[in-house]
Amino acid sequence: MARDLRRIKLVLLDLDGTVYLGHRLLPGAREFFRRLAHAGIAHALLTNNSSIGPDDYLRKLRTLGLKADRRAVITSAEAAVLMLRHHAVRPDRLFVLGTGKLVRYVQRCGFGNSSERADAVLVGFDKELTYEKLTRACHLIRRGATLYATHPDVNCPMPEGAIPDAGSLLALIRASTGVRPRDVAGKPHRWIVKVAQSHFGLKAGQMMVIGDRLDTDVRLANRFGLASVLISKAEKGSRKARPRRYQPDLTVSNLAELIRTPFFRRLTGDKKGRQSSPP
Ligand SMILES: [Mg+2]
């Protein structure tokens, strides 16, 4: 059944692998944002990476020549704060297993970082992990602290190969304590979508998702019943249609290809746009 794409007012976009790869802008990204803005559709840039903050992303996007405003950049750290508040985690009873940037972010949102009396532990993508911090988290969990995570990704893709992400830390904690997180904030979980909804004041049905991963981006869209586009050379190139757990509405190699599709023309109300644009 064809979706009514004209209802869509906000596109939720993944960053790495969708808009850029490492420090390289991917084909069509700039033109995609230009056409989206021309059609009056807003965008939000969603990232599960909780090791750095929204300002770091804004700086990176600017370096790549893309303009983005602060409310458009949403990280799993912001989603985690919403999640912790929902679960009524006491601000003075939280221990954060994460980078200094994540710790400072949750502190700015009113939470402390207590290693002694915590009854909740938040696990992020801790690139500054020490054995001492890991031991502290496991002790607290064994004493009954509730475990939360900013996002579930096991690996983070890097130009030199994947590196262990928050999901790997959760696996280690589970091996030691037997405990799984009570809730997770980032994609494909609901909190990051709720942050986007609150930033833009929209209903779920007015949003769609574009990303390069089936198990986070497309899964998120499927969970909320949103339209989705998968950016994937491999999936597009596979001749045999394999049964998949998560189904995008469309698969393209990159944003340059997306803007040439009938799907994108339906989304942006092409006829009007085409007629009004100069020859
Ligand atoms: Mg990605």
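**Exercises on a two-domain model**

The chain is divided into domain 1 (5-48 + 187-276) and domain 2 (88-184). The model is a predicted one.

**Exercise 1. Describe how the two domains face each other.**

Step 1. Take the centres. The C-alpha centres of domain 1 and domain 2 lie 30 Å apart.

Step 2. Look at the contacts. Five residues of domain 1 are in contact with five residues of domain 2.

Step 3. Sort the domain 1 side by residue type. The side that touches domain 2 has three polar residues, two charged ones and no nonpolar ones.

**Exercise 2. Find where the largest nonpolar core lies.**

Step 1. Start with its members. The largest nonpolar core holds 79 residues. Leu 12, Val 121, Leu 122, Val 123 and Ala 196 touch the most other members.

Step 2. Ask which helix gives the most to this core. Helix H3 (residues 76-86) does, with six residues.

Step 3. Place the core. Both domain 1 (5-48 + 187-276) and domain 2 (88-184) give residues to the core, so it lies between them.

Step 4. Zoom in on Val 121. Leave out residues up to four places away in sequence. Val 121 then touches Phe 95, Leu 97, Ala 137, Leu 140, Ile 141, Ala 145, Leu 147 and Tyr 148.

Step 5. Recall the general rule. In soluble globular proteins, nonpolar side chains tend to be buried together.

**Exercise 3. Trace the six-stranded sheet from edge to edge.**

Step 1. Write the order. The strands run S5-S4-S1-S12-S13-S14 in an open sheet, with parallel pairing.

Step 2. Mark the edges. Strand S5 (73-75) and strand S14 (250-252) each pair on one side only.

Step 3. Add the twist. From one strand to the next, the twist averages 20°.

Step 4. Check one pair. Strand S4 (residues 42-47) and S5 pair in the parallel sense over three bridges. Thr 47 stands opposite Thr 75 in S5.

Step 5. Set a helix on this pair. Helix H2 (residues 54-63) lies across S4 and S5 and runs at about 135° to S5.

**Exercise 4. Work out what helix H7 packs against.**

Step 1. List the buried residues. In helix H7 (residues 190-200) they are Arg 190, Trp 191, Ile 192, Val 193, Val 195 and Ala 196.

Step 2. Find the partners. Three strands of the partner list are named here: the buried residues of H7 pack against elements including strand S1 (10-14), S4 and S5. Strand S12 (207-211), H3 and helix H8 (214-224) are also among the partners.

Step 3. Follow the chain onward. Gly 201 comes after H7, and its phi is positive, near 60°.

Note on methods. Residues are numbered from 1 along each chain as its sequence is written. This is a predicted model: local features need pLDDT of at least 70, side-chain atom pairs count only at pLDDT 80 or more; totals for chains, interfaces and linings use all residues. A nonpolar core is a set of buried Ala, Val, Leu, Ile, Met, Phe, Trp, Tyr and Cys residues joined through C-beta atoms within 7 Å. A residue is buried if 20 or more other C-beta atoms lie within 10 Å of its own, exposed if 12 or fewer, and partly exposed in between; C-beta atoms are placed from the backbone. Helices (H or I, at least four residues) and strands (E, at least two) are DSSP runs, numbered from the N terminus. Domain bounds come from an automatic or database domain assignment. Two residues are in contact if their C-beta atoms, placed from the backbone, lie within 7 Å. Two strands pair if DSSP finds at least two bridges between them. Axes are lines fitted to C-alpha atoms, for helices over the stretch in contact, and angles run from 0 to 180 degrees between N-to-C directions. Ala, Val, Leu, Ile, Met, Phe, Trp, Tyr, Cys and Pro count as nonpolar, Asp, Glu, Lys and Arg as charged, and the others, Gly among them, as polar.
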